[in-house]
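Trainee: Please take a close look at a single part of this model. Then set it in the context of the chain.

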Amino acid sequence: MKDIPNAILQMAFNKIHIPLSMLTTSTLSKIHSNDNLKYCKILFGNGVGRQSLDETSFAPESSLTETTFFQSYRNWLMVINMVATPKVTMGWYEHCSRMLCDE
């Protein structure tokens, strides 16, 4: 996946939880093609009254395999890199590095 769909970036900007299961390559492709997606109204924050992807219509995070977890986490780092400050981004990259070293 080379780019993150705008629907995911809008969730990040509106401070809406993005489950890692929404960041698998297959799910991002589904979001890009707008394939049978469900939306819900944002009830709080800067996005009040707007629509956001309905996270309940995606697989639970507990369904991720180790491979899809790391695929999703890599895509999460792309999201963070696009929406966060350099200091926050570096913190997430350091967290990932420590996670990869943990047996």
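Mentor: Start with the terms: helices (H or I, at least four residues) and strands (E, at least two) are DSSP runs, numbered from the N terminus. The model is predicted: local features need pLDDT of at least 70, side-chain atom pairs count only at pLDDT 80 or more, and totals for chains, interfaces and linings use all residues. Residues are numbered from 1 along each chain as its sequence is written, and side-chain values use heavy atoms, without hydrogens or water.

The chain has four helices and two strands. Their order from the N terminus is α-α-β-β-α-α.

Now the part itself: the loop that joins strand S1 (39–41) to strand S2 (51–53) holds Phe44. Phe44 is partly exposed because its relative accessibility is 45%; that class runs between buried (under 20%) and exposed (over 50%), with a 1.4 Å probe and protein chains only. Phe44 joins Leu43 and Val48 in a nonpolar surface patch. Together they have about 340 Å² of accessible area, by the Shrake-Rupley method with a 1.4 Å probe, where only the protein chains shown count as cover for residues. Patch members need over 30% relative accessible area and no salt bridge; nonpolar side chains (Val, Leu, Ile, Met, Phe, Trp, Tyr) are joined within 5 Å, like charges within 9 Å. A salt bridge puts a Lys or Arg side-chain nitrogen within 4 Å of an Asp or Glu carboxyl oxygen.

For context, take another loop. Thr24 sits between helix H1 (6–13) and helix H2 (25–32). Thr24 counts as buried, because its relative accessibility is 6%.
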